[in-house]
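This report is a short walk through one protein model for someone who has not seen it before. The sequence and the structure come first, and the notes follow.

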Amino acid sequence: FYFELTASATGNYLLIDNFNYGSLPPVLYDINTGKRYTGNITAVPGKVQFVLPASEDPVRKFILNHVEATNINTINNLTLKTFIDYNTATTRGDYVIISNPVLYNDGAGANNVELYRAYRASANGGGYNAKIYDINELTDQFAFGIKKHPAAIRDFVRFMDIQYPVKPRSIFIIGRGLTFIDRVGQSNPTAEALDLI
C-alpha cells in the first residue's frame, strides 16, 4: 500500500484501518529516508498505529507492507549476467540497428539483419559505422530486465546521445512490436512470436 504525506514540523500519528496485516505487525517503509517503522497492532484493536518523526520533506512517500511469511518470495537461484559495454570504440556506431536475434536467421541460414548492416557500412549504403544492438541486451541494461518495456530503447538512445562522441545519425528498428491492447488480445505464445521489439 503506497501513500504520501506532506511536511510536518511536529510529526504524524497514523491510525490505519482496514489493512489486512495477518498476525504480525506490518512494516512502514519511508522511501525518502530509507527508514523502516514497525506498526503497533495492540494499542487499538483491529487498527495499525504509527508515530512518525517531524520531516521537512515537501512530499514524503511511504509503502506499507504486511510481513507474513506467505508474502515473502524466496529466490533459490541466480544467473550471472555480464553486460556489454556499449561505450567502447567497437560497440559505438552512427547507424544504429536495433533488432531481435530471432530475426538473425531466415530459416535458410541467411542473416538479413547482418546483410543490411553490411550494406549500410558499404559505400553504396552510405559508408556508416553501422552496428546491430540486441533488444534483449538493451532490455537488461536499460529497462531493468522488464520485457517489452519502452525504456529499453528510450534510455539506450539517451545514453548514446550523452556518451557517444559521434552522435548516431540514424536509428533503424527491425522487428515487429505490439501495442498493449494487441498483446492482451493474443494468446501468450502467439504474442511472444509477434512482439519482437
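## The start of helix α2

At the start of α2, the backbone nitrogen of N136 has a side-chain oxygen of D134 within 2.8 Å. The model is a predicted one. Helix α2 covers residues 135-142, and the strand β8 covers 130-134. After the helix comes F144, which has a positive phi, near 55°.

Which residues of α2 are buried? They are I135, E137, L138, T139 and F142. The cover over the buried residues of α2 includes β7, β8 and α3, the last of these being residues 151-163.

## Salt bridges on helix α2

Side chains of opposite charge can pair when their charged atoms come close. A search of the whole structure gives six salt bridges. One of them joins K81 to E137, with the closest N and O atoms 2.9 Å apart. This pair links distant parts of the chain, since K81 sits in the loop between β6 and β7 while E137 belongs to α2, 56 residues apart.

K81 also meets D140 in a salt bridge, at 3.4 Å from N to O. Here too distant parts of the chain are linked: D140 is in helix α2 and K81 in the loop between β6 and β7, 59 residues apart. K81, E137 and D140 are thus linked in a network of salt bridges.

How accessible are the members of this network? K81 counts as partly exposed because its relative accessibility is 38%, which lies between the limits of 20% and 50%. D140 is partly exposed as well, with a relative accessible area of 29%. E137 has a relative accessible area of 14% and is therefore buried, the limit for that being under 20%.

A further salt bridge is formed by the side chains of R154 and D155, at 2.9 Å from N to O. R154 counts as partly exposed because its relative accessibility is 42%.

## S99 in strand β7

S99 is placed in strand β7, which runs over residues 95-99. Is S99 buried or exposed? At 0% relative accessibility, S99 counts as buried.

Leaving aside neighbours within four places in sequence, S99 is in contact with Y104, V113, Y133, D134, I135, I174 and I197. One of these, I174, offers its backbone oxygen to the side chain of S99 at 2.9 Å. S99 and N136 are 37 residues apart in sequence, and their C-alpha atoms are 8.8 Å apart in space.

## D94 in the loop before β7

D94 lies in the loop between β6, residues 55-65, and β7. With a relative accessible area of 10%, D94 is buried.

What does the side chain of D94 reach? The side chain of D94 reaches the backbone nitrogen of N129, at 2.7 Å. Neighbours within four places in sequence aside, the contacts of D94 are Y128, N129, A130, V166, K167, P168, R169 and S170.

## A nonpolar patch on the surface

Y2, Y29, I31 and I63 form a nonpolar patch on the surface. Together these residues have about 340 Å² of accessible area. Y29 lies in strand β3, which consists of residues 27-30. Y29 counts as partly exposed because its relative accessibility is 31%.

## The protein as a whole

The secondary structure comes to five helices and nine strands. Along the sequence, these elements follow the pattern β-β-β-β-β-β-β-α-β-α-α-β-α-α.

The radius of gyration is 25 Å, whereas a compact globule of 197 residues would have one near 16 Å. The C-alpha atoms fill a box of roughly 80 × 40 × 35 Å along the principal axes. Of the contacts with a separation of 6 or more, 64% are between residues 24 or more positions apart.

Buried residues make up 30% of the 197 residues. The protein exposes about 12,600 Å², and 55% of this area is supplied by carbon and sulfur atoms.

Notes:
Residues are numbered from 1 along each chain as its sequence is written. This is a predicted model: local features need pLDDT of at least 70, side-chain atom pairs count only at pLDDT 80 or more; totals for chains, interfaces and linings use all residues. Side-chain values use heavy atoms; hydrogens and water are left out. Patches are made of residues with over 30% relative accessible area and no salt bridge: like charges are joined within 9 Å, nonpolar side chains (Val, Leu, Ile, Met, Phe, Trp, Tyr) within 5 Å. Accessible areas come from the Shrake-Rupley method with a 1.4 Å probe; for residues, only the protein chains shown count as cover. A salt bridge is a side-chain nitrogen of Lys or Arg within 4 Å of a carboxyl oxygen of Asp or Glu. Helices (H or I, at least four residues) and strands (E, at least two) are DSSP runs, numbered from the N terminus. Buried means under 20% relative accessible area, exposed over 50%, partly exposed in between (1.4 Å probe, protein chains only). A polar contact is a pair of N or O atoms within 3.5 Å; within protein, one must be able to donate a hydrogen and the other to accept it, and residues adjacent in sequence count only if both atoms are side-chain atoms. Contact means heavy atoms within 4.5 Å. The radius of gyration is taken over C-alpha atoms; the globule rule is 2.2 Å times the number of residues to the power 0.38.
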